[in-house]
Amino acid sequence: MSNHLTIYRGDSVSFDIKLELEGQSINLNNYLAFFTIKKRKTDPDERAVVRKNSDTAPGLHCGGITVVDPSNGLIRVVLLHDDTKSLLEGSHYYGVNCINRNDEALVYTLLEGSFVVNLDIGTRTIGDPTN
């Protein structure tokens with residue numbers, strides 16, 4: 001996965017991520033995975049603009065993380081319109097980390113990078129205004 005992601009505000013996006021630690025796939029039966037977007041790296045997790053975890057699968061209006069292949073560390077992160085519609089234009093930061101379910105002191109940052117939000121031209125989510 002790229003260390004640079006770009007989306008349009010209000011768009012739905014999904015991407016697959018293979019989680020590895022020291023070159024080995026993480027068995028997600030033993031870990032909880034998080035995907036976090038923050039405006040500033042120094043913001044506490046409570047101020048994250050998006051935070052998803054692998055215990056919460058995507059729903060009808062809210063994205064989440066689906067564990068696609070737990071033994072090989074493959075997850076799918078889904079962000080839906082409701083997740084991205086209020087994001088501010090500009091640069092943000094994202095990170096993917098895992099916490100060991102048996103020992104919460106074992107926390108690993110597996111991936112991080114920039115997350116750029118572009119303003120969208122149209123924000124209509126239902127119907128066609130030209131009809």
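This tour walks through one sheet, some salt bridges, an aromatic cluster and one buried residue.

**Before you start**

This is a predicted model: local features need pLDDT of at least 70, side-chain atom pairs count only at pLDDT 80 or more, and totals for chains, interfaces and linings use all residues. Residues are numbered from 1 along each chain as its sequence is written, and side-chain values use heavy atoms, with hydrogens and water left out.

**Stop 1: a sheet of three strands**

Select residues 13–18, which make up strand β2. Add residues 74–79, which are strand β8. Then add 64–69 for β7. Helices (H or I, at least four residues) and strands (E, at least two) are DSSP runs, numbered from the N terminus.

These strands form an open sheet in the order β2-β8-β7, with antiparallel pairing. Two strands pair if DSSP finds at least two bridges between them. Strands of a sheet pair through backbone hydrogen bonds, either parallel or antiparallel.

Which strands stand at the edges? They are β2 and β7, each with a single partner strand, so one side of each has no neighbour in the sheet. Neighbouring strands here are turned by 25 degrees against each other on average, direction ignored. For such angles, axes are lines fitted to C-alpha atoms, for helices over the stretch in contact, and angles run from 0 to 180 degrees between N-to-C directions.

Now look at β2 and β8 alone. They pair in the antiparallel sense over six bridges.

**Stop 2: Asp16 and Arg76**

Stay on those two strands. Select Asp16, then its bridge partner in β8, Arg76. Show the side chains. Arg76 and Asp16 also form a salt bridge, with the closest N and O atoms 2.7 Å apart. A salt bridge is a side-chain nitrogen of Lys or Arg within 4 Å of a carboxyl oxygen of Asp or Glu. Arg76 lies in β8 and Asp16 in β2, so the pair ties together parts that are 60 residues apart in sequence.

Are these residues buried or exposed? Arg76 is partly exposed, at 33% relative accessibility. Asp16 is partly exposed too, at 39%. Buried means under 20% relative accessible area, exposed over 50%, and partly exposed in between (1.4 Å probe, protein chains only).

**Stop 3: a salt-bridge network**

The whole structure has seven salt bridges. Next, select Lys38, Asp45 and Arg51, which are linked in a network of them. From Lys38 to Asp45, the closest N and O atoms are 2.9 Å apart. From Arg51 to Asp45, the N to O distance is 3.6 Å. Lys38 is buried, at 12%. Asp45 is partly exposed, at 37%, and so is Arg51, at 33%.

**Stop 4: aromatic rings**

How many aromatic pairs does the structure hold? It holds three. Select Phe35 and Tyr94. Their ring centres are 5.7 Å apart and their planes lie at 25 degrees, so the pair is stacked. Rings of Phe, Tyr and Trp (its six-membered ring) pair if their centres lie within 6.5 Å; planes under 30 degrees apart count as stacked, over 60 as edge-to-face and the rest as tilted.

Phe35 sits in strand β5 (residues 31–38) and Tyr94 in strand β9, so this pair ties together parts 59 residues apart in sequence. Phe35 is buried at 0%, and Tyr94 is buried at 3%. Add Phe15 to see one aromatic cluster of Phe15, Phe35 and Tyr94.

**Stop 5: Asn97**

Finish in strand β9 (residues 90–100), where you will find Asn97. Asn97 is buried, at 19%. Not counting residues up to four places away in sequence, its contacts (heavy atoms within 4.5 Å) include Leu32, Phe34, Val107 and Tyr108.
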